[in-house]
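Please look over the sequence and the structure below before reading on. The text after them goes from the whole protein to a few of its parts.

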Amino acid sequence: MMREVSLVLVRFSVFASAGLLFGLVPVSLLVLRPAFAGLRSEGWAEGRARVASRLERLVRAALLATAVATAIGLLLQAILVSEFLPGDIGSSSISSVFGSTFGRWHLLRFPVLAGLAVLLIGRVQGSLLAGTGDSARSPAPAWWVLWGLFAFVLLATSTLSGHAAVARPRGVAVVNDVVHLIAGSTWFAGIVVVGAVLPDAWSRDNGDRALDLLAPAVVRFSLVALVAIFVLAATGVVNGFLNIATINDLYDSGYGRSLALKVLLFLGIVTSGGVNHFFLRD
């Protein structure tokens, strides 16, 4: 039971950190940059710099968290394999993990993370919000494309080493799960940015003009979140049909229990968002 819980926590940690790395691309382009670009530049330079600095630290933490969680996941899998092999954890169990589909896709994360580190560390703070209300040059489209591609591969490793890779039909399951992760990453990253990062823009100044930035950001993110939630719900239903054979699997299997927990969390977050949108926002 403890190992099962540990594996679930590791998978969630990888999704949360890798999801942030991917989701920051659409959220930055569709929400954050347009919201700052619509402001008058006077008085917002310091706030813009604080937000960019926070995003830089967030990206660095996500890179480290993904690497650590991946290493722990490989170790847990080696422990699991060692139970079916004679002796303790050693070269046999580790070689078995590295030679498996699970191990190969997990190992791929490390060069992808290295590529993202080279691309992003030291660049996010100076480039992500550049050209939004200041005279700095906006980052080249190639930078965004490379960021998105590396982060997409990182997300896809979870799909290709998980249940979708053994579901049937495999092609439908893999594509559906990747789309599911993309939508979830965008939604999750948007919540983090709007709820935890953006308020830093007016924590020391511009408090009386916070709505000048917050209002367009919330409106834009509401549209992005609406699409993401719809895609999440649709792909989640398909995932359920592909991976859950009977109702009993929802509590008899580890995947089923994980799916049931995700559904409950999803419904709770959607309910909270609905209450905020229809009753509290005005």
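The paragraphs that follow describe the overall make-up, then two helix pairs, an aromatic cluster and two single residues.

This is a predicted model, in which local features need pLDDT of at least 70 and side-chain atom pairs count only at pLDDT 80 or more, while totals for chains, interfaces and linings use all residues. Residues are numbered from 1 along each chain as its sequence is written, and side-chain values use heavy atoms, with hydrogens and water left out.

The protein has ten helices and zero strands. Here helices (H or I, at least four residues) and strands (E, at least two) are DSSP runs, numbered from the N terminus. Along the sequence the pattern is therefore α-α-α-α-α-α-α-α-α-α. Of the 282 residues, 41% are buried; buried means under 20% relative accessible area, exposed over 50%, and partly exposed in between, with a 1.4 Å probe and protein chains only. The protein exposes about 14500 Å², and carbon and sulfur atoms supply 69% of this area, computed by the Shrake-Rupley method with a 1.4 Å probe. Contact means heavy atoms within 4.5 Å. Among contacts with a separation of 6 or more, 77% join residues 24 or more positions apart.

One helix pair is α2 (residues 45-82) and α4, the latter spanning residues 101-120. Their axes come within 10 Å and cross at roughly 160°. That makes α2 roughly antiparallel to α4, since angles under 35 degrees count as roughly parallel, over 145 as roughly antiparallel, 65 to 115 as roughly perpendicular and the rest as oblique. Axes are lines fitted to C-alpha atoms, for helices over the stretch in contact, and angles run from 0 to 180 degrees between N-to-C directions. The crossing of α2 and α4 is left-handed; a crossing has this hand if the near helix is turned anticlockwise from the far one by less than a right angle, and is right-handed if clockwise. Residues of α2 that meet α4 include V59, L63 and L74, and those on the α4 side include L107, F110 and L113.

R104 also lies in α4. With a relative accessible area of 46%, R104 is partly exposed. Leaving aside residues up to four places away in sequence, R104 touches V97, F98 and G99. R104 and T157 are 53 residues apart in sequence, and their C-alpha atoms are 9.2 Å apart in space.

A second helix pair is α6 and α7 (residues 170-197), whose axes come within 9 Å and cross at roughly 130°. The two helices are therefore oblique to each other, and their crossing is right-handed. F152, L155, S158, T159 and L160 in α6 meet a set of α7 residues, among them V174, V178 and L181. V175, also in α7, is exposed at 53% relative accessible area. Its C-alpha atom is separated by 8.7 Å from that of A164, eleven residues apart along the chain.

How many aromatic pairs are there? The count is four, where rings of Phe, Tyr and Trp (its six-membered ring) pair if their centres lie within 6.5 Å; planes under 30 degrees apart count as stacked, over 60 as edge-to-face and the rest as tilted. W144 and W147 form a stacked pair, 5.7 Å centre to centre with 10° between the planes. Both lie in α6 (residues 141-160), three residues apart, about one turn of the helix. W144 counts as buried because its relative accessibility is 8%, and W147 because its value is 0%. Ring pairs link W143, W144 and W147 into a cluster.
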